[in-house]
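Open the model in your viewer and keep the sequence panel visible. The tour has two stops, a single residue and then a cavity.

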Amino acid sequence: MNETLSTEAQINTEMLGYIWQCFYTSFLRYWLKWFIRHATGKCELQRICSGYQPGTIRTTRAEYALQSSKNKVLRGALQESEDHLESCVDQIMREKHVKPQKDPTFKKSLHLCLLQITGYSSLYTSVEELRKVVFDSENEQHEAMLLELWDLLMPAVKLESRVNKQWGDIGFQGEDPKTDFRGMGLLGLTNLVFFSENYTEEARQVLSHASHPKQGYSYAIVGINLTEMAYSLLKSGALKPHFYNTVAGKPELQHFQQLYCYLAYEFDKFWLSEEPESIMEFNHYREKFHSQVKTHLQDPDVSLTLTVGPKSQHGLQE
């Protein structure tokens, strides 16, 4: 009986929440915006752009404002190409009666927000296309990347032949690594190479930890698994706060690869600190690490940046 009442109360609460959300989005929000516009002399986008520093809060609020707008021009801005964003901002300013001389920073601020918003969608498209490319041993570029990975990680050891058991030394499952790229395609290989090429010392350090007789793990296989983690976070939109905070403009493939480097390096530290009894517990600790990353991404000030190796500029400026 108590369980039934509890379920009914939960359903009623959810229903009230749904009704309130509908009422707010379809009626109350419009009149609140109208009142504040007349009280301040600024439209919602102006208040967002002037009221917040560059980063997650400003861009996500601008994104929500554009998505929720009844104006087709504002909603359409979220699908514009990079080449048309400047003219799109001009059109928005005309639609919202924003005078450049009265708000000289608005155009630049909104343009940056739109670069980040539309750039995120473009980045996902690029990542997805690379993921769909099947590793082809007949492709010279694919083969060159694979051999480069070996040379970067094992500079003192000669690869005796293209297909042999040595690949197990860097964490592949069989004698031919191409079979391990089936899930993430060429994306898995490019991430492994990017980490090894740009953070060579750190990649070799992680490989040495992965080769530990008791607490080790399959370096390459785990790396491909972490690529899948990064991909799923990107696809779900969970990485928006990170990119909105760390990329002053359009996020590119290299920014996604930098995020992968962070995951690869941090997962190694996490694995060692957890001291798992065996590799058989990998899925459990993988999910625990995944949950920690998602928790970090809920922080509006999040920046999942690898702080070792090459120096790079991550601050947002206007």
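Which residues does Q166 touch, not counting residues up to four places away in sequence? Before selecting anything, note that this is a predicted model.

**Stop one: Q166**

Select Q166, which sits in the loop between α7 (140–153) and α8 (185–198). Now add W150, V157, K158, L159, E160 and S161 to the selection: Q166 touches these residues, leaving aside those up to four places away in sequence.

Keep K158 on screen and show its backbone. A polar atom of the Q166 side chain lies 3.1 Å from the backbone oxygen of K158.

Is Q166 buried or exposed? Q166 has 13% relative accessibility, and buried means under 20%, so Q166 counts as buried.

**Stop two: the cavity**

Clear the selection and turn to enclosed space. The structure holds 1 cavity of 30 Å³ or more. About 40 Å³ of space lies in the largest cavity.

To find the largest cavity, select V206, Y217, Y219, V222, G223, L226, Y260 and A264, the residues that line it. Colour these by class: 7 are nonpolar and 1 is polar, with no charged residues in the lining.

Next, display the helices α10 (219–236) and α12 (253–274), each of which supplies at least two residues of this lining. Which helix gives the largest share of the lining of the largest cavity? That is α10, with 4 residues.

Conventions. Residues are numbered from 1 along each chain as its sequence is written. This is a predicted model: local features need pLDDT of at least 70, side-chain atom pairs count only at pLDDT 80 or more; totals for chains, interfaces and linings use all residues. Side-chain values use heavy atoms; hydrogens and water are left out. On a 1 Å grid over the protein atoms alone, a cavity is a set of points where a 1.4 Å probe fits but cannot get out, and a pocket is an open set with protein on both sides within 12 Å along at least five of seven lines; lining residues have an atom within 4 Å of a point. Grid points are joined across faces, edges and corners, and a volume is the space filled by probe spheres set on the points. Ala, Val, Leu, Ile, Met, Phe, Trp, Tyr, Cys and Pro count as nonpolar, Asp, Glu, Lys and Arg as charged, and the others, Gly among them, as polar. Buried means under 20% relative accessible area, exposed over 50%, partly exposed in between (1.4 Å probe, protein chains only). A polar contact is a pair of N or O atoms within 3.5 Å; within protein, one must be able to donate a hydrogen and the other to accept it, and residues adjacent in sequence count only if both atoms are side-chain atoms. Contact means heavy atoms within 4.5 Å.
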